[in-house]
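Work through these exercises with the structure open beside you. Try each task before reading its solution.

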Amino acid sequence: MNEINDTELMRVRLRFIDLVKSFFAEEPDAEKMSRWRGTFSSLCNEQVSPRFDSAVQEISRALNGKKLEDIQSEYYQLFTDPFDGSQIESNASFYFNGRSYGEALVEMRGLMDDAGIVKIKEVSEPEDSLVVMLDTFASLIEEEKTDSGAKVKELQARLLEEFLEPFAEKFTAQLKDNKHCDFYYLCCRVLGGYLDLEKSLVA
C-alpha cells in the first residue's frame, strides 16, 4: 500500500469500507453476492497482510460453497428476525455499556460533532451502529481531499481506536459463539483484517 499515491490510496480505503459495510447494511441479493465472489476471488491473488489475506481466503471459499438463500437466511436470523431470540446487536453501546443507547452513543455523537459530520434523517440506525461508524470513517477519509491536517488524522485514529477496533473484537466474539452464524463470522474476520490495515495508516 506504500507504493501507490495518496489519491489512489484514498480510493482503495473507501472501496474496502464500502465492501465491509455491504455485509451488514442490508440483506444480500444476487447482485451483491456476485460482487462479493468476484471481489474476493480477485483479492485471493493479492498479498496484503497475513490476517487480512487469511480472512479473504476463508470467505472466498465460503462464498463459492454457499447459495444466496443460505446467506439471506443467516442475515435474517442474526439481524432481522424479532422472534427467534438469536438476534445480534450491532451497536457499540451494547458491547461497551451493556445496553443499547448508552454512553458510547453519546461519545460517538461527540466525535461526529467534533468532525462536523451529521447523520442524515433517512438513516434509522444510531450513530454508534457499525454501518454508521463505517460511514463516518469514510467521511473522515474523504476529508483528506481538502484537509490533510493533523485533526483529520486524529479523528480517524479516535474512531478507529476508541470505537471500531474494540467494537469489532467484541462483535466478532459474539458471532463466533452464535450457532446460527458461520458466514457472518467470516465477514467479521474481514472487518478485523481491514481495521488492522487502517491502524497502520492512521497511527
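## Exercise 1: an unusual backbone angle

Tyr-101 sits in the loop between helix 5 (92-97) and helix 6. Helices here are DSSP runs (H or I, at least four residues), numbered from the N terminus. The model is predicted: local features need pLDDT of at least 70, side-chain atom pairs count only at pLDDT 80 or more, and totals for chains, interfaces and linings use all residues. Residues are numbered from 1 along each chain as its sequence is written, and side-chain values use heavy atoms, with hydrogens and water left out.

Task. What is the sign of phi at Tyr-101? Is Tyr-101 buried or exposed?

Solution.
- Step 1. Recall the background: most residues other than glycine have a negative phi.
- Step 2. Read the angle. Phi of Tyr-101 is near 60°, a positive value in a residue other than glycine.
- Step 3. Fix the classes. Buried means under 20% relative accessible area, exposed means over 50%, and partly exposed lies in between (1.4 Å probe, protein chains only).
- Step 4. Apply them. Tyr-101 has 56% relative accessibility, so Tyr-101 counts as exposed.

## Exercise 2: salt bridges

Task. How many salt bridges does the model hold? Which partner does Glu-8 have, and which does Glu-198 have?

Solution.
- Step 1. Set the rule. A salt bridge is a side-chain nitrogen of Lys or Arg within 4 Å of a carboxyl oxygen of Asp or Glu.
- Step 2. Count. The rule gives 14 salt bridges.
- Step 3. Take Glu-8. Glu-8 pairs with Arg-11, and the closest N and O atoms are 3.0 Å apart. The two are three residues apart in helix 1 (residues 6-24), so about one helical turn separates them. Glu-8 is partly exposed at 26%. Arg-11 is also partly exposed, at 45% relative accessibility.
- Step 4. Take Glu-198. Glu-198 bridges to Arg-13, with the closest N and O atoms 2.8 Å apart. This pair links distant parts of the chain: Glu-198 is in helix 9 (residues 183-202), Arg-13 is in helix 1, and they are 185 residues apart. Both Glu-198 and Arg-13 are buried.
- Step 5. Take Lys-199. Lys-199 bridges to Glu-165, with the closest N and O atoms 3.9 Å apart. Lys-199 lies in helix 9 and Glu-165 in helix 8, so the pair ties together parts that are 34 residues apart in sequence. Lys-199 is partly exposed at 39% relative accessibility.
- Step 6. Look for shared partners. Arg-13, Glu-144, Lys-153 and Glu-198 are joined into one network by salt bridges that share partners.

## Exercise 3: contacts of three residues

Task. Which residues, beyond four places in sequence, are in contact with Phe-79, Ser-60 and Leu-201?

Solution.
- Step 1. Set the rule. Contact means heavy atoms within 4.5 Å. Neighbours within four places in sequence are left aside for Phe-79, for Ser-60 and for Leu-201.
- Step 2. Start with Phe-79, found in helix 4 (residues 68-80). Phe-79 counts as buried because its relative accessibility is 16%. Its contacts are Phe-24, Gln-87, Ile-88, Phe-171 and Tyr-184.
- Step 3. Go on to Ser-60, in helix 3 (residues 50-65). Ser-60 is buried at 9% relative accessible area. Ser-60 touches Phe-40, Ser-41 and Cys-44.
- Step 4. End with Leu-201, in helix 9. Leu-201 is partly exposed, at 22% relative accessibility. Its contacts are Leu-9, Arg-13 and Lys-153.

## Exercise 4: the charged patch

Task. Which residues gather in the patch of negative charge on the surface? Which helices each supply at least two residues of the negative patch?

Solution.
- Step 1. Set the rule. Patch residues have over 30% relative accessible area and no salt bridge; like charges are joined within 9 Å, and nonpolar side chains (Val, Leu, Ile, Met, Phe, Trp, Tyr) within 5 Å.
- Step 2. Place the charges. Asp and Glu count as negative, Lys and Arg as positive; His and the chain ends are not counted. The place of a charge is CD for Glu, CG for Asp, CZ for Arg and NZ for Lys.
- Step 3. Name the members: Glu-103, Glu-107, Glu-161 and Glu-162.
- Step 4. Assign the helices. Helix 6 (103-115) and helix 8 (150-176) each supply at least two of the residues.
- Step 5. Check one member. Glu-162 is in helix 8. Glu-162 counts as partly exposed because its relative accessibility is 42%.

Key: Areas by Shrake-Rupley, 256 points an atom, 1.4 Å probe, with all protein chains shown as cover.
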